[in-house]
Amino acid sequence: MGHHTNMRRIIAVLLENEAGALSRVVGLFAQRNYNIESLTVAPTEDQTLSRLTLTTFGDKGRIEQIIKQLFKLVEVVKVMDLVEDDHIERELMLIKVRAIGDGRQEIKRTADIFRGQIIDVTGEMYTVQLVGPSDKLDAFIRAIGKTPIVEVVRSGVSGIARGDRILTV
Amino acid sequence: MTDMLSGGDMLIRALQDEGVEYLFGYPGGAALHIYDAIFKQQRIEHILVRHEQAATHMADGYARATGRPGVVLVTSGPGATNAITGIATAYMDSIPMVVFSAQVPSGLIGTDAFQETDMVGVSRPVVKHSFMVKVAAEIPGIVKKAFHIATTGRPGPVVIDVPKDTTEPGELAPYEYPDSVTMRSYNPAMKGNPRQIKKAVSAMLKAQRPIFYVGGGTVQGNATAGLRTLVQLLGFPLTSTLMGLGAYPGREKQNLGMLGMHGTYESNMAMHETDLIIAIGARFDDRVTNAPVKFAPQATIVHVDIDPASISKIIEVDIPIVGDAAMVIDEMLKLTEAELAGRDKDDVEAQGQALAQWWQTIDGWRAKHGLNHALVADDKPILPQLVVQMLYKVTKGNAYVTSDVGQHQMFAAQYYHFDEPRRWINSGGLGTMGFGLPAAMGVQMALPNETVACVTGEGSFMMNMQELSTCLQYGLPIKIVNLNNQALGMVKQWQDMQYGGRHSHSTYSDSLPDFKTLVEAFGHQGIKVTEASELEGALETAFSDSMKDKLVFVDVWVDPHEHVYPMAIKGGSMRDMVLSKTSTAES
């Protein structure tokens, strides 16, 4: 099926919190040649369930297949494509940069603009914490420009639908 | 009162409670507690194979012939990995199977212990689901779930990995076999959406050039009775995938035979020219569609399948119906009958005329390039097609026929007409050479009074011929028909057609065993046939009452130069076919 544009999708999955369930999800993506851009997983308030959010790319046919194949996994309880409707996505980034001389002020100002926090300071380093949609985190990396980045840790996307649309058992 | 049992005893007891009659397996260190539990009971018969791959194919053959799940027991490590090919074979063809793999004791898992393999990990891409037992008390619940998952929805193999310590004879736990299974994460759809079914029926009653395209799902889903009534009621042509042969009677006029890469001319032409495809339990496999972008350009497509992921995977369909084939067909039938009863006379006549014209076109294709089912023995090298035609005649079309993979498989599919479902047993999806003999053994175990024939080639046969010993042990009177062309025929055919006749590693004629002597060494009967004039007599002997209790191997030396035709032209539409060594039909 091709000829459609590639779309970025955020897929939310509720799965049984059992040993091996995550490896089935990851294995499915490898086995069927689907991309995973990011993946986050943790138990929910109900300890028997895990919630997984993954971001992927593909045309309409491929995204449909991904959702169907995910749902086919016996441990998967529910699947939702968050991008189909209003939703919120958030990602956490911890970024360690070399901050010396005038650069220290510049990084502080940029972090403030992006509503980031400096959570660790040494004479030469700042560690900035930033939360937002992935493109905001990308924008921050671009904005700090020439400042040397020492280390970046990103959590991957977590997402939730807006309003009444819920993913629950 | 609840019985207190060890894990090993529980496992066997659970299989008894599940109604299992045969367990196909091979012992080894990690499985010994379970084997001791088998020794202490009589209700389940264990069949000792000679290689674990064969155990899975036997269970598979048993399942395909009966519709009941096949059950396998292997040890850890190499026992488990040897079973993988058979598990993958069952997975690709949606065959219900439960495989127990013993595992090293829990405390040793992850230490690279002797005969340790991560079976859950290794089997993951080729199972419907898998379990690892943590404590003995879980065993009854896991077994119940495994059978439920293997046999419902789109069937498939389920692996249960059993660490040795969970089967320890001295450690007892209460045994209670559950009556039912509820799983919030697994509820396969059964009934089709009535609105979609209505849409499909109204498309069917308007179609001018319709065709049913049915696959293994109609066989596995026990949908063939309803299918036959529906197809006859509508008077539409029907074509079948390799896996669907037998869903509709093979010799009836409405049946155009197999479609796809080696399908009949009339099936492939009809699929290209049709205005309505009613696909049921088929999955638009690449061996069917040829180039998807050129597939059935004028067709509206109805697709009935129990697996939503099969729908619009390769070809985008217009009217998807997710559901159990038998249930959806029943609904279609009711609705069609009701609609036909209240139908306008002019509409009836208009569709009748269109159909008559469609049939005229199809009959024209059939007459022009249909398969010749009236081959005669002459003094030329034996045609492999003639052997299958003769087998059909000698067995009166009543045999259960298993096959391996390659040219002989296609000849069997083209020339043996299956009037009933579950009689044609072959590895369609994975294409597993070595499947035929053990699959035939599973069929014969399940149906001891039926005639079971394995149509094979010498290449495939040699992949699991060690099972001739198992056949002797259990007295399995299978009839093996070996289309011996002294080469890997299908590979050689492709090399003839696409690689300038360079037969890279596809021949071994100077090193083949004498099969007659070989099977006799295993304690069976061998017959060698090199002349067409001897063929019928040899087959008559093999299937005669005097050989009723014997395994007979008929080694037929066939024309090594024969190709399978028609053959789809790569990258083309379904009407693009090579028809013989000298002719093609191209759009």
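A residue is taken as buried if 20 or more other C-beta atoms, placed from the backbone, lie within 10 Å of its own. In the predicted model, this criterion is met by each of the residues named for strand β15 (residues 400-403) of chain B, namely Y400(B), V401(B), T402(B) and S403(B). Their side chains divide between two directions: Y400(B) and T402(B) point one way from the strand, whereas V401(B) and S403(B) point the other way.

Strand β15(B) pairs with two further strands of chain B. With β17 (residues 452-457) the pairing is parallel and extends over 4 bridges; here V401(B) stands opposite A453(B). With β16 (residues 424-425) the pairing is likewise in the parallel sense, over 2 bridges, and W424(B) is the bridge partner of V401(B) in that strand. The connection from β15(B) to β16(B) passes through helix α15 (residues 407-415) of chain B, forming a right-handed β-α-β crossover.

A second site examined in chain B is G572(B), which is located in the loop between β21 (567-568) and β22 (577-578). G572(B) is classed as partly exposed because 16 C-beta neighbours are found inside 10 Å, a count falling between the limits of 12 or fewer for exposed and 20 or more for buried residues. When neighbours within four places in sequence are left aside, the contacts of G572(B) are with N290(B), A291(B), K294(B) and E586(B). The C-alpha atom of G572(B) is separated by 39 Å from that of G442(B), a residue 130 residues apart from G572(B) along the chain.

How values were computed
Residues are numbered from 1 along each chain as its sequence is written. Chains are lettered from A and ligands numbered from 1 in the order in which they are written. This is a predicted model: local features need pLDDT of at least 70, side-chain atom pairs count only at pLDDT 80 or more; totals for chains, interfaces and linings use all residues. Two residues are in contact if their C-beta atoms, placed from the backbone, lie within 7 Å. Two strands pair if DSSP finds at least two bridges between them. A crossover is right-handed if, with the strands pointing away from the viewer, the path from the first strand over the helix to the second runs clockwise.
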